[in-house]
Amino acid sequence: MSELNPGRPEKGLSDDALRDATARAALGYFWDFAHPASGMARERSAGSFGYDTSAIVTTGGTGFGIMALIVGAAREWLPRDAVADRIARIAAFLEGAEAHHGIFPHFMDGATGATVPFTPTDDGGDLVETAFLMAGLLTARQAFPDRDDIVDPVNRLYRAADWAAHVRETDHGLMWHRSDHHPWTPKSLPIRGWNECLITFVLAAGSPTHPIDPAIYHDSWARAEQFRNGHSYYGVRLPLGPELGGPLFMAQYSFLGLDPNDLTDEYADYGEQVRAHALVNRAHCIANPGGFEGYGPNCWGLTASDSTIGYSAHSPTNDIGVITPTAAVASMPYVPAESTAALRHFVDDLGDRLWGPYGLVDAFEPGGDWIAPGTLAIDQAPIVVMLENYRSRLIWDLFMSAPEVQTGLVRLGFHSPRLPVA
């Protein structure tokens, strides 16, 4: 254990104290377990996935982790100057790391910055992971305006990102991956909704140097077969997305920084969307059509994580009896009573099984003995960030104050009280 995580919290803590203990412990993943050379977030802490888990760092997980570090500084769980120094080291490392038209790969070597191919043909830029990374960097720039060693490199990195290089000329689709060695084929798929990638379009549209045409958002992203929904599940109307909502990360990753409250465009009210998604996910676990032992009102949460069959995007239509705590806990800003009840169950009732070196484990099987052996960056960071957004809106306030974010939202046709009035 560590200073951030002295051990499983005692039972019966106040709700605030329980949130504190949970967030502090998850923060340790990005403070104590960061790569020693670069400060970047390692992809995972354990598990056999064909790569060295001690050496490989993740771009998207690092962006999320930067947000978590900012929470740690604001809560005074970590020294503010030390957090700023760590983020400055990450920014300096990225300026020397391998990028592809200013777009970073999914995986990098944490010591050298060299690209580590995600798949044999995915050896170039990953636009979505880069968007997650840039979201964290822009948040840091807003949080530390007095630190030139953060502000200046973040500005350079964002300006260097060539979002437009990922636009396929044949259909004006915004492509997730781009490789100089493996050209797009007719089977290569553009980023289309509804999924976790909304933030990519916002940051791409807001770029001062290499922006995309907003028409791509409307003509490609919003024209996907699984974009509009409008059906009701368990008495809850879901505006967007696949049947029964899909994995809960779709309601979380983009909205670590984007404030969904009163955020609207011609397609949806995004506050309604994320709340409905969480409620449908929970209602499915209560209904429990698969008959899995342990599911119920306080034991819910289906999202992508490790599982009994490997990494899997758990959802109501892909439910194999594995619960991922981050799904329910990081839904705290949307359904606070329901998320608090789940958090208390995970810690007070099941803490002997579910509390590990970085707080709540990645995933577990309520009706069996299986517990995920490793922890994932993309699962621990949303716990820290969303618990803070629920309590203070800190990360929402910082990210939404970035001029580039506001430009991107306005160009795409969004409305929010946070945006300037035309």
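This section describes the overall fold, charged contacts and backbone features of a predicted model.

The protein chain contains 14 helices and 13 strands. Its C-alpha trace spans about 50 × 45 × 45 Å along the principal axes. For 422 residues, a compact globule would be expected to have a radius of gyration near 22 Å, and the value of 20 Å found for the protein chain agrees with this. Of the 422 residues in the protein chain, 63% are buried.

One of the buried positions is Leu-354, which lies in helix α11 (residues 351–354). Leu-354 counts as buried because its relative accessibility is 0%, the limit for this class being under 20%. Ten residues separate Leu-354 from Phe-364 along the chain, and the C-alpha atoms of the two are 7.7 Å apart.

Charged contacts were examined next. Side chains of opposite charge can pair when their charged atoms come close. In the model, the count of salt bridges comes to 19. One of them joins the side chains of Glu-95 and Arg-156, with an N to O distance of 2.8 Å. This pair links distant parts of the chain, since Glu-95 belongs to helix α3 (residues 80–96) and Arg-156 to helix α5, with their positions 61 residues apart in sequence. Glu-95 has a relative accessibility of 38% and therefore counts as partly exposed. Arg-156, at 45% relative accessibility, is likewise classed as partly exposed.

A further salt bridge is formed by the side chains of Asp-149 and Arg-147, at 2.9 Å from N to O. The two partners fall into separate accessibility classes: Asp-149 is partly exposed, with a relative accessible area of 35%, whereas Arg-147 is buried, at 16%. The position of Arg-147 is in the loop between α4 and α5. Arg-147 and Thr-62 are 85 residues apart in sequence, and their C-alpha atoms are 19 Å apart in space.

Asp-180 and Arg-178 also meet through their side chains in a salt bridge, with an N to O distance of 2.9 Å. Asp-180 has a relative accessible area of 55% and is therefore exposed, the class beginning over 50%. Its partner Arg-178 counts as partly exposed, at 22% relative accessibility. Beyond these pairs, a network of salt bridges links Asp-16, Arg-19, Asp-20 and Arg-391.

Acidic residues also contribute to the surface. Asp-81, Asp-146, Asp-148 and Asp-152 form a negative surface patch. Within this group, Asp-146 is placed in the loop between α4 (127–143) and α5 (148–160). The relative accessible area of Asp-146 is 57%, so this residue is exposed. The loop that carries Asp-146 is also the site of Arg-147, but Arg-147 is buried at a relative accessible area of 16%.

Several backbone features were also noted. Most residues other than glycine have a negative phi, and most peptide bonds are trans. In the model, Gly-193 and Trp-194 are joined by a cis peptide bond, with omega about 0°. Trp-194 is located in the loop between β7 (177–178) and α6 (198–205).

Positive phi values occur in non-glycine residues including Glu-76, for which phi is near 65°. Glu-76 lies in the loop between α2 (59–74) and α3. With a relative accessibility of 70%, Glu-76 counts as exposed. Tyr-234, which is likewise not a glycine, has a positive phi near 55°. The loop that holds Tyr-234 runs between β8 (232–233) and β9 (236–237). Tyr-234 is classed as partly exposed because its relative accessibility is 43%, a value that falls between the limits of 20% and 50%.

How values were computed. Residues are numbered from 1 along each chain as its sequence is written. This is a predicted model: local features need pLDDT of at least 70, side-chain atom pairs count only at pLDDT 80 or more; totals for chains, interfaces and linings use all residues. Side-chain values use heavy atoms; hydrogens and water are left out. Patches are made of residues with over 30% relative accessible area and no salt bridge: like charges are joined within 9 Å, nonpolar side chains (Val, Leu, Ile, Met, Phe, Trp, Tyr) within 5 Å. Accessible areas come from the Shrake-Rupley method with a 1.4 Å probe; for residues, only the protein chains shown count as cover. A salt bridge is a side-chain nitrogen of Lys or Arg within 4 Å of a carboxyl oxygen of Asp or Glu. Lys and Arg count as positive and Asp and Glu as negative; His and the chain ends are not counted. The place of a charge is taken as NZ of Lys, CZ of Arg, CG of Asp or CD of Glu. Helices (H or I, at least four residues) and strands (E, at least two) are DSSP runs, numbered from the N terminus. Buried means under 20% relative accessible area, exposed over 50%, partly exposed in between (1.4 Å probe, protein chains only). The radius of gyration is taken over C-alpha atoms; the globule rule is 2.2 Å times the number of residues to the power 0.38.
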